[in-house]
Amino acid sequence: MVEVHHDRTDVVSAARCCVVVLGMHRSGTSAFARLLGFLGCDLPKTLLKASKTNPTGYWESEPINRLNDRILDSAGSSWHDCLEFNPAWLDTLKAEQFRKEAIATIEAEYGESCLFVLKDPRICRITPFWLNVLNDAGIGVKVILPIRNPLDVAASLERRDGNTHPGASLLLWLRNVLEAEHGSRDVARVFASYDELIDQWAAVVEHMQSALGVTWPQDSLHGRGAISAFLSKGHRHHHKAPEAVIENPSIASWIRDAYLILNRWATDGEIRDERRALDRIRQEFNLAAPAFAGIVEAGRVARATVLRQQGELAATEKALAAERQKIRDIERQRRAAVDEVERAVRTLTGEGRRSFLPRRLRLASRIARLKRSNLFDAKWYLQQYPDVAQARTNPFRHFIRYGLSEGRSANPAQALAKGDAVVGHYKRWIEYHDTLTQSDVEEMRQRLAECAQLPLISVVMPVYNTPETFLREAIESVRRQIYEHWELCVADDCSTKQYVHKILHEYAALDQRVRIVSRSVNGHIAACSNSAAEVASGEWIVLLDHDDLLSPRALAEVALASIAHPDAQMIYSDEDKLDQNGQRKEPYFKPDWNYFLFLSQNMLSHLGAYRTSLLREAGGFRTGFEGSQDYDLALRCLEKTDPSQIIHIPKVLYHWRQLPGSTSVSADQKPYAMLAGERALNEHFERTGKSARSELIGHGYRTHWQLPDPSPSVTIIIPNKDNVGLLRTCIDSILSKSSYKKYSIIIVDNASKPTETKKYYDSIRHKGVDIVSYAERFNLSAMCNMGVANATSDYVVLLHNDTEVISAGWIEEMLGIAIQERVGAVGARLWYADDTLQHAGLVLSPAHIAMNAHEFLPKGRKGYFGRAALTHECSAVTAACLMISKKRYEQVGGMNEADLPVAYNDVDLCLRLKGIGYKNVCAAFAELYHKESGTRRIGDVHSEQNIKERSYMLKTWHSELQNDEMFNKNLANDRDDFAIAI
């Protein structure tokens, strides 16, 4: 049985009675007050309004709340004061005036109520004042003291206010419960557990009624539904076990001991002898509080200031984001206008159209249309392009036959728009995304400060006769790093310019982190780089050319990436170029690790970071590979590294200076360097046992994969219905042009009706072509799956009937890639009939699901950093021409017949392959025409079927569509032309 102490029994028999809910903020006082209201106790007339942090209501009097704030303020205190409330204030004239006001407020709020609830956490601090007020008014008092885990109270305060430190909240809890307990000893009271109230409120109601000797006016059973509904509305966002406090040595013993006693009282009843322990805690707390109360208050004010400033900053950033969005909208409108002009030019000139007019008449017709349009400025065109003027070529004729496909502009406005789209666009990107503010710097430093251990990064820089300005700028770009744990290891390759020696030793004297190695013999860049790397003592080595620049955050980003990925061995970033005026241009926003693209170009190059142990294990730089020494190094390091240990930072951290004769201007500037890269690739193939040969093709490298002997069998699967003309062209091109002979063809016919189709089928059966029938409603996925099920070959090719083979070795090209380790689907490069590009890999997009990268790019153009004309990995390829191992096709369950019968089934297949670790590759040198798609528009995007399939893709592949790892987040994923995302 609960033991209750009534030290003053005279007030129990009073005609009117007040139930005071006496507890710390966020300890459950609101829940107890509302419960009493359900039980028939009267609540105040003017309730404090609910808020976001207390949506179920406070159930306390707003006038009394204001009055208590004034009382505390007049005594030099506040609800968040850790100091003891001054007891001498209770005997002042001011206190007497407040008592009279308090009695009047009680009468105004409760009238003649016989049983009412008084609740305001501030009363904990001034309990004797309110007990005197109620006694003076002839009102009896019963006290309920809710007890809640102080850790939950602190967490709830933090959630409510945001500016209260958990340690300060625990001290506030201690102050309030000690004052409430001490000040209420003269009245009938009961301690009640807040957690028990939430879990089993009926038992708590019975407990309080029994302990206080009160019969509630309203039967709790009558209001059971309302009470249960109220208490289930998320009152408890935080819930820790009592042991989290009692057994936690990091919490002050005052708090642990006080909570142990009070929590026991709430469960087993008050024990009078334990009051002495609480008095001891209160006395010690009172003596110690002045020493830290000022610090706690200063911290609270500081946190409040920070919170306010954060709010102001958030509002400013929100406004800034809105303005930037307006600029983006304007930019999209401008782009759309530019695109519209270009489409108009193409339309008027007949570009991309089929025409059966003789060539001369066709050209004359186009010239006439162009002249009538006023879109072409012939005089400006000749001035802008002097090569045309020097050749004395008709500008209209030149523009139609050559200029349009070469990307030349038709008029000044179009040229300005194009230039703005390239140069101005990047300037805006730099302004929005790559201009460090002081807050950016502080945030990065804070992130670094939170790291347990920071790696030393060695920047390795070989130097030879570097122009003085460029050398100083390169060194200063290292010294200006946000990250401070670096060393700059410079090797001078016996420079003949005396100022080089002077500058290097000047910086070595200025900054002890600069280490100089002076070579006595000129050994060229590989040997010089090794000399610099030999003195490196850092965990990571970053490569820096002697005339290039690092972004101020470059090393910080490398350090954070290495900490986030402790197994990382190689790290690379995006890069751009500096023209001779120091202006940034030509940003290369790279994909995440892409092995096949790496075999086509050195995409790691800048910024490249290597774990020092890996670089040394690989043997450092090799002489004889000058110009491609870093490519050769990366290949050898790659051989000792798992792909998961190669980390891409999608930020521009390196600025590559364009100087006459530099490969940053053109690979043709140093042909020996490109040839060295070819040799490095071929030696890589030899070391790794790959049957392949690399060939320099000017803008990159082409890998020729050797097929095994015996070579794998291939089945070409072509879904078809009726369209004999297209199918005949497709089959004839395969049979007449394909150099690979170990293939067969399966046509999956979808209930073709014309006799002509059946006759054609009969005519080709003897040529190794099988026909299987699919009689159900059109379902492209099911037709492909049927074709694969009927294939007996090692590999299958899914091929549309509107394709036509261009390159004789198309099967060998795709097959050589498909047989490689961890390769899933292989796609071909597809062209429209007008020789503009249809497919060179797909780019994932939440707006379009997937887009054809570089679509409509004229033949001869290489695309974004050569990717349209180089073999590379992509997230997905089109099934218009797709090769895959039959085993891997079946491993992922083939195409999705149920959810994607018409569209996106190839994208879904590729993503499922990618999800289990396979790579999807676009084979740039396997080329076909995809004619029908050049005139056929995408099906009705608003049709019920298309909407259903789009919804499936968005739901199933949401994260993949948002972030295509084979693209780059800095490129616009709503466009297919690799435009920069502003």
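**Exercise 1.** Over the ring of which residue, 3.8 Å from its centre, does the charged end of Arg34 sit?

*Solution.* The model is a predicted one, and in it the charged end of Arg34 sits over the ring of Phe38, with 3.8 Å to the ring centre. The charged end of Arg34 also sits over the ring of Trp59, where the distance to the centre is 4.4 Å.

**Exercise 2.** Classify the aromatic pair of Trp59 and Phe230, and state whether each residue is buried or exposed.

*Solution.* Begin with the description: a pair of aromatic rings is described by the distance of the centres and the angle of the planes. For Trp59 and Phe230 these values are 6.4 Å and 75°. Planes over 60 degrees apart count as edge-to-face, and the pair of Trp59 and Phe230 is therefore edge-to-face. Next, place the partners along the chain: Trp59 lies in the loop between α1 (29-38) and α2 (62-74), while Phe230 belongs to helix α9 (residues 224-231), so that the pair links parts of the chain 171 residues apart. Finally, buried means under 20% relative accessible area; Trp59, at 17%, counts as buried, and Phe230, at 7%, is buried too.

**Exercise 3.** Describe how helix α3 (residues 93-110) and helix α4 (residues 127-136) pack.

*Solution.* The axes of α3 and α4 are 9 Å apart and meet at an angle of about 60°, and α3 and α4 are therefore oblique to each other. The crossing of α3 past α4 is right-handed. Among the residues that make the contact are Phe98 of α3 and Phe129 and Trp130 of α4; together with Phe85 and Trp89, these residues form one aromatic cluster.

Technical notes: Residues numbered from 1 in each chain as written. Predicted model: local features only at pLDDT ≥ 70, side-chain atom pairs only at ≥ 80, totals over all residues. Heavy atoms only, no water. Phe/Tyr/Trp six-rings, centres within 6.5 Å; stacked < 30°, edge-to-face > 60°. Helix = DSSP H or I, 4+ residues; strand = E, 2+ residues; numbered from the N terminus. Buried < 20%, exposed > 50% of the residue type's maximum accessible area, 1.4 Å probe, protein only. Lys NZ or Arg CZ within 6 Å of the ring centre and 35° of its normal. Axes fitted to C-alpha atoms, helices over the stretch in contact; angles between N-to-C directions. Parallel < 35°, antiparallel > 145°, perpendicular 65-115°, else oblique. Left-handed = near helix turned anticlockwise from the far one by under 90°. Contact = heavy atoms within 4.5 Å.
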